[in-house]
Structures are given as C-alpha cells and as structure tokens.
Amino acid sequence: MSQSLFLDTINGVKRERPPMWFMRQAGRVLPSYMKLRETYGFKEMMETPNLAADVTLLPIHDLGVDAAILFSDILVIPEALGMELSFEGKGPSFATALKDVADPLNFLTEKPEKLDHIYAAIDRILEIKPKDIPLIGFCGGPLTTLCYMYQGFSRNQNFPDFVPAIYRDKELMKKVVAKITEMSIHYALKQVEHGVQAFQLFETHAGLIPVELYKEVFLPSVKAILGAVREKGVKTIYLPKGLGTGINMVNYDLCDCVSVDWQMPLHEVRSIVGEEMILQGNFDPRILESTPEAIDREFEYYLNYGRKDHKWIFNLGHGLLPSIPVENVEYLVKKVKESDWGR
C-alpha cells in the first residue's frame, strides 16, 4: 500500500474508504481563492507558476481532499496552436475563431513554448505539496477543445456553428482534430515528464453530437492521447460527459478509469464497462446547492455503492459550481471521511 488513497484505488488496491477529489475544486467555491482573485486575474494566476501552484493546493489545505488537480484551463492547447485567447468579461473567447477563417489548417501554427509556464507550475507543486497527495494533470478532450476553437466563445454551450460544420466538411475537421491531438499528446507527455501521477481527459461536451459521429471523428484521438500517457506508466481518467449509451465504447483498452456524469447510476456503468475498470464520480454538484439533509439522503446511495465496489473514486458528475456554499462541500468531505464503508 502507498501513502495515497487515490493512487492505491486507481491501481485497484482496496482501501478503507474511497478517495475523493472534486472537479473545479480550486476555484470560486473557496473563500481563499476569491481573496486571491481580488488581486490577480484568472489568466495571470494560471500563467504565474508560483500562483498556479498555490491555487492547485488550496483545496488540499481548505477542504482536505485526497488529490490535487493542476490549476490550468483546457484552452491552453488552442493557444499553443497559435490562437489568441482572452479571459476578459464572461468567460474565455478567442480573437479570431476557426469559423471565421478561410483555411483553418494554415491558420493554426504550432507554438508549444506557450505551455512552458505550466510545466514550471508542476515543478513547483511537486516541491511544496504534501507527500501523500498526488497531482493529477489534464487536458481537454478533442471534441470539447475544437468546440471552443471553432465557435470562438463559451457563452453558448450549444456551439451553433460547430456541429453543422462537422457535417459539412468532416474530412477537414478530422485534419484539425489531428493537429489538436498532436499538440495534446506533446502536452500530456510533458506533464508526465514533469511528474504528474495521473492524467484526466475532460470531454465535457461529448453529448453534443451523435455517438456514432463521436466514435468516428473523435474517439481515435482520445485513444491516442490516453494511450501515449499509459505507455509511460501513468494512470488515465476519461470524462465523457453526456456520452450516454456511448459508454459501451469505453473499455479498458481506452483508459484505466472512467469518470461518470450524473445521468447514469454507477452500478449501471459498472455493468457495462466490466470489473477491471476503475470508476470515478458521479455525485450531482447541484445537490450541494441544497441542504445537509438533502446531501445525507443522496449520499446513502454512494455509501451503499462504495461498500460493494472498492474500484471507485468519489467525485462529482461535473465540476463544482460557483453558487455552492463552501460549508456544503466541507460537509460532504466530512461524510466521505467519517462514514463506515464496511471495508
């Protein structure tokens, strides 16, 4: 057994309780993060290695979760492909979107040095983090990354111009996906080289297109990125939010662990993906906007599930929402830590 609950569990080792961490844990739920935001902009924090390291570790100190995830953004890959990114106003936007470019392939120019500050942040995190807390690296899934690159802004999550464009010129889109994949592999392997101990691929918008189209255009890219990381002996997590019945395409050939959204119960996913796969998820973050009583009621399912299945990491069905009171997150952490898991 290692010191880390998280690393043991993702390696299939049975521990006294499930490990837990939360997607978007280093963010607007934490008063300590909001205090930093009074002084620094989001992009500034992300691009300053010492600040990015401190923010990465805030939820370890403030909430007591079992793993840290790199404080960064999925849109660093478009930046490394020469797109100009801004976080001013409400959410990220690009100066020029791919939908407004006549030749997207020539428009994208490789600038891998744009990612260097992230590796410096990883080095710093590993210097200062507690020994038993592993660091999870990540990047965006190919579909999700391309959604933003093509549409150019994040306020309309339906990406109205993007989906018709796939149908219009699928071969061009596959070529753009190939560029995203190549840079994502470079980025993922650099994170591994600098010492991340697990790696998650966030395919937040997997439910945007039909499963068969996803399988044809994007799944080979997912397999290539995660496969490159696995070859280095680092465990991989894949979050295909909204994939629905497409979860039957997710097997042990693709990743070590599948992170489950809130649409499908864990026991159903387990019956589809088989016994070998580690599961992660899938507490609905919106429950945390309610009351401790409601959290207790919903938690019962997870407690019963975790008593039977030790190959499971407690997490959310998606990220923490800014509207969630930090007290409710603390309450949930306490429940996970203090419950009798019967192991």
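This passage describes helix packing, backbone geometry and selected residue environments in a predicted model.

Three helix pairs offer a convenient way into the fold. In the first, helix α4, spanning residues 49-62, packs against helix α7, spanning residues 116-128, at an angle of about 55°, and their axes lie 8 Å apart. The two helices are therefore oblique to each other, and the crossing of α4 and α7 is right-handed. On the α4 side, the contact is formed by Pro49, Asn50, Ala52, Ala53, Asp54, Thr56 and Leu57, which meet His117, Ala120, Ala121, Arg124, Ile125 and Ile128 of α7. Sorted by class, the residues of this α4 and α7 contact comprise 8 nonpolar, 3 polar and 2 charged.

The second pair brings together α8 and helix α10, the latter covering residues 170-194; here the angle is about 110° and the axes are 10 Å apart. That angle makes α8 roughly perpendicular to α10. From α8, the contributing residues are Pro142, Thr145, Leu146, Met149 and Tyr150, while α10 supplies Met173, Val176, Val177 and Ile180. The contact of α8 with α10 has 8 nonpolar residues, 1 polar residue and no charged residues.

Helix α10 also takes part in the third pair, with helix α12 (residues 219-230): the two axes come within 9 Å and cross at roughly 20°. Because angles under 35 degrees count as roughly parallel, α10 and α12 are described as roughly parallel to each other. Their crossing is right-handed. Along this contact, Val177, Thr181, Ser184, Ile185, Ala188, Leu189 and Val192 of α10 meet Ser221, Ala224, Ile225, Ala228 and Val229 of α12. The residues involved in the contact of α10 with α12 divide into 9 nonpolar and 3 polar, with no charged residue among them. Readers tracing α10 in the structure may like to look for Val177, which appears in the contact with α8 and again in the contact with α12.

Several backbone details also deserve a look. The peptide bond joining Gly281 to Asn282 is cis, with omega near -15°, and Asn282 belongs to strand β8, residues 278-283. Arg24 is not a glycine, yet has a positive phi of about 60°; this residue sits in the loop that links α1 (5-10) and α2 (31-37). Positive phi is also found at Phe159, again not a glycine, with a value of about 45°. Phe159 is placed in the loop between α8 (142-151) and α9 (162-168), and counts as buried because its relative accessibility is 0%.

One stretch carries an annotation from a database record. The unreviewed UniProt entry assigns "domain: Uroporphyrinogen decarboxylase (URO-D)" to residues 19-28. In the model, residues 19-28 are 0% helix and 0% strand, with 22 Å between the C-alpha atoms at the two ends.

Three further residues illustrate contrasting surroundings. Ile136 lies in strand β4, which runs over residues 135-140, and is buried at 0% relative accessibility. Although Ile136 and Val196 are 60 residues apart along the chain, their C-alpha atoms are separated by 5.7 Å. Setting aside residues up to four places away in sequence, Ile136 touches Phe6, Trp21, Ala67, Ala68, Ile69, Leu70, Ala198, Phe199 and Gln200.

Asp309 is found in the loop between α14 (292-308) and β9 (312-316). With a relative accessible area of 10%, Asp309 is buried, since the cut-off for that class is under 20%. Its contacts, neighbours within four places in sequence left aside, are with Arg270 and Arg343. The C-alpha atoms of Asp309 and His267 lie 9.2 Å apart, with their positions 42 residues apart in sequence.

Tyr167, by contrast, is exposed, with a relative accessible area of 51%. This residue belongs to helix α9 and, leaving aside neighbours within four places in sequence, is in contact with Pro210 and Leu213. A separation of 42 Å lies between the C-alpha atoms of Tyr167 and Val65, which are 102 residues apart along the chain.

Methods
Residues numbered from 1 in each chain as written. Predicted model: local features only at pLDDT ≥ 70, side-chain atom pairs only at ≥ 80, totals over all residues. Heavy atoms only, no water. Axes fitted to C-alpha atoms, helices over the stretch in contact; angles between N-to-C directions. Helix = DSSP H or I, 4+ residues; strand = E, 2+ residues; numbered from the N terminus. Parallel < 35°, antiparallel > 145°, perpendicular 65-115°, else oblique. Left-handed = near helix turned anticlockwise from the far one by under 90°. Contact = heavy atoms within 4.5 Å. Nonpolar A, V, L, I, M, F, W, Y, C, P; charged D, E, K, R; others polar. Buried < 20%, exposed > 50% of the residue type's maximum accessible area, 1.4 Å probe, protein only. UniProt positions renumbered as here; feature names shortened; annotations may be inferred.
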